[in-house]
Amino acid sequence: MKKVCSLVLSIVLLVTLALPALADGLTVGTYDPASAGATEVGFAWWGNQVRDEVTKAATDFFTENYPNITFNLNTNVWNNYWALMTTYSANHDLPDLMQQDYAYLELWANNGSLLDLTPYVESGALDLSNVPQNIIDTGKVGDGIYAVCAGVNAPSLLYNKTLTDKLGIEVPKNLTWDQFVEISRKIYEAEGIGAVYGEGNSENMPTFYARSLGYTSLWTAEGLAPTAEEMAGYYQRLIDGVAEGWMFDTDKIAGVNVTDLAQHPLVYGTSNDVRSWCAFAFSNQISAFQTAATADGIELGLTNWASSDPVASNYVKPSQFFSVTTDAENPDLAVAILNYLINDVEGNKILQAERGIPASSAVASAIADSMDSVNPTYSMTVEYLEYVTANSSPIFSALPSFVGTVQTEVLQTLSEECLTKGTSMTAAEAAQMLVEQTAEIAADY
């Protein structure tokens, strides 16, 4: 995985690489969208204002080239997106194309909602010849290809560099947990600005912690990989941080919208007590965060999530995927649009690598010259991903189907309780509940 991702990122930097001549028009594969007649295509994703704008512009560009094809666009924040897509799936009314996530891919493929793209890849209708095989494999469930990587990224701590520079604080690469705590304490004591640690129902943060203990993943097919004794250390971090004051507690989190990047405490807040000096995000999100931060004159910095073993914890991953759903009225047309999103150079210039460095090495190279003029964070992201590729471990496998339920019914509840100021729950009790309830949920799948 490391060698493959390193190859992708190296190619991005070789902007003088000679590319094969592209055919006239958009890169859509072997199916001609003009033959579809007047058709409206549904396309859904979660995201932010920047992603919404560039995706709409890319679909508008497609319509300019194929006036018979229009789009019904559906965008939401993360939590609302999955609730809405689940409702659509139950009614067999999913959009033709949907954004997918590594955490949910196995569940959605196994419930029959996603189209196996293997025949289209084999026929050439979906061209993945410039996508490294290990990146293609991340979209597989069993022997089928149910998703295509929309961009490559990595866990990233985005931080207020304007603030840390002002205080004379250097945020290092390969940031350790002890360094993160020390920096957070200094900033809180000096400015009263705290830290938001992850998102309540996400498996990302405990997975990062579990990897620091030597596990590849937080999960096994039967439940949790680490023991309750091991996971107690994770919940102790939350309890201690809130007790010391520098970590946001549930009262502060309730007053902010951490899923709306433009409203995140890193870039928005009327006073220091509702501001955060950092955000536990992913590298593809820095463009949207920086756009919001610029209004307050804030320059953002980029490093890894804090870990007791950063190299063991960190990984390079698909930022998200594009999938064709089994509800698509014209799967051939949907695949042609997917091919456009992955392989068309002009379309990807419009998309501005907001979802991450393009999975196609040819496209990543072809857009490199133009990206810095429209996305000032592009070079920073490429440099960071190159560093992570050399200082990380292989990514975990696609998550078991039960993980989504554990996130909403267990992880969120325990996180909220441990982030409650003066909580009566101990870290050992929280970890024991996590292990036991995860095993019970897994047994029902």
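A helix here is a DSSP run of H or I with at least four residues, numbered from the N terminus. By that rule, V242 sits in helix α10, which covers residues 228-244. The model is predicted. This briefing covers cavities, one helix, one strand residue and several loop positions.

**Cavities**

- Searching the whole structure turns up seven cavities of 30 Å³ or more.
- The second largest cavity holds about 130 Å³ of space.
- Rolling a probe the size of a water molecule over the atoms shows where empty space is left.
- Its lining is made up of 13 residues.
- A150, L341, N348, L351 and R355 are the lining residues nearest the centre of the second largest cavity.
- Two helices, α14 (331-343) and α15 (345-351), each give at least two residues to this lining.
- Sorted by class, the lining has eight nonpolar residues, three polar ones and two charged ones.

**Helix α14**

- Helix α14 has 13 residues, and at 1.5 Å a residue they should span 18 Å.
- The end C-alpha atoms of α14 are 18 Å apart, so the model agrees with the expected span.
- Most of α14 is covered, with 11 of its 13 residues buried.
- The buried residues of α14 include L333, A334, V335 and A336.
- Also buried in α14 are I337, L338, N339, Y340, L341, I342 and N343.
- L341 thus appears twice: it is buried in α14, and it is among the residues nearest the centre of the second largest cavity.

**Q320 in strand β12**

- Q320 belongs to strand β12, residues 317-324.
- Q320 has a relative accessible area of 3%, and it is buried because that value is under 20%.
- The side chains of Q320 and S319 form a polar contact at 3.5 Å.
- Beyond its neighbours within four places in sequence, Q320 is in contact with W46, R51, Q99 and Q100, among others.
- Further contacts of Q320 include V148, C149, A150, G151, N284 and R355.
- Two of these names return from the cavity: A150 and R355 are in contact with Q320, and A150 and R355 also lie nearest the centre of the second largest cavity, together with L341, N348 and L351.

**The loop after α15**

- Q352 is in the loop between α15 and α16 (361-374).
- A353 is in the loop between α15 and α16 as well.
- Most residues other than glycine have a negative phi, and most peptide bonds are trans.
- Q352 has a positive phi, near 60°.
- A353 has a positive phi too, near 55°.
- A353 counts as buried because its relative accessibility is 12%.

**V242 in helix α10**

- Is V242 buried or exposed? V242 is buried, at 4% relative accessibility.
- V242 and K421 are 179 residues apart along the chain, yet their C-alpha atoms are separated by 6.1 Å.
- K421 is also one of the contacts of V242, once neighbours within four places in sequence are left aside.
- Other contacts of V242 are M247, F248, D249, C418, L419 and T420.

**S202 in a loop**

- S202 is located in the loop between α8 (177-191) and α9 (204-212).
- S202 counts as buried because its relative accessibility is 12%.
- The S202 side chain reaches the backbone nitrogen of N204 at 3.0 Å.
- Not counting residues up to four places away in sequence, S202 touches Q407 and L411.

**Two partly exposed residues**

- N80 lies in helix α3, residues 78-90.
- N80 is partly exposed, with a relative accessible area of 44%.
- N80 and V196 are 116 residues apart in sequence, and their C-alpha atoms are 21 Å apart in space.
- Y268 is in the loop between α11 (250-254) and β10 (278-282).
- Y268 is partly exposed because its relative accessible area, 44%, falls between 20% and 50%.
- Which residues is Y268 in contact with, leaving aside its neighbours within four places in sequence? They are A262, Q263, V274 and R275.
- Y268 and D327 are 59 residues apart along the chain, with 39 Å between their C-alpha atoms.

Terms used. Residues are numbered from 1 along each chain as its sequence is written. This is a predicted model: local features need pLDDT of at least 70, side-chain atom pairs count only at pLDDT 80 or more; totals for chains, interfaces and linings use all residues. Side-chain values use heavy atoms; hydrogens and water are left out. Buried means under 20% relative accessible area, exposed over 50%, partly exposed in between (1.4 Å probe, protein chains only). A polar contact is a pair of N or O atoms within 3.5 Å; within protein, one must be able to donate a hydrogen and the other to accept it, and residues adjacent in sequence count only if both atoms are side-chain atoms. Contact means heavy atoms within 4.5 Å. On a 1 Å grid over the protein atoms alone, a cavity is a set of points where a 1.4 Å probe fits but cannot get out, and a pocket is an open set with protein on both sides within 12 Å along at least five of seven lines; lining residues have an atom within 4 Å of a point. Grid points are joined across faces, edges and corners, and a volume is the space filled by probe spheres set on the points. Ala, Val, Leu, Ile, Met, Phe, Trp, Tyr, Cys and Pro count as nonpolar, Asp, Glu, Lys and Arg as charged, and the others, Gly among them, as polar. The expected span of a helix is 1.5 Å times one less than its number of residues.
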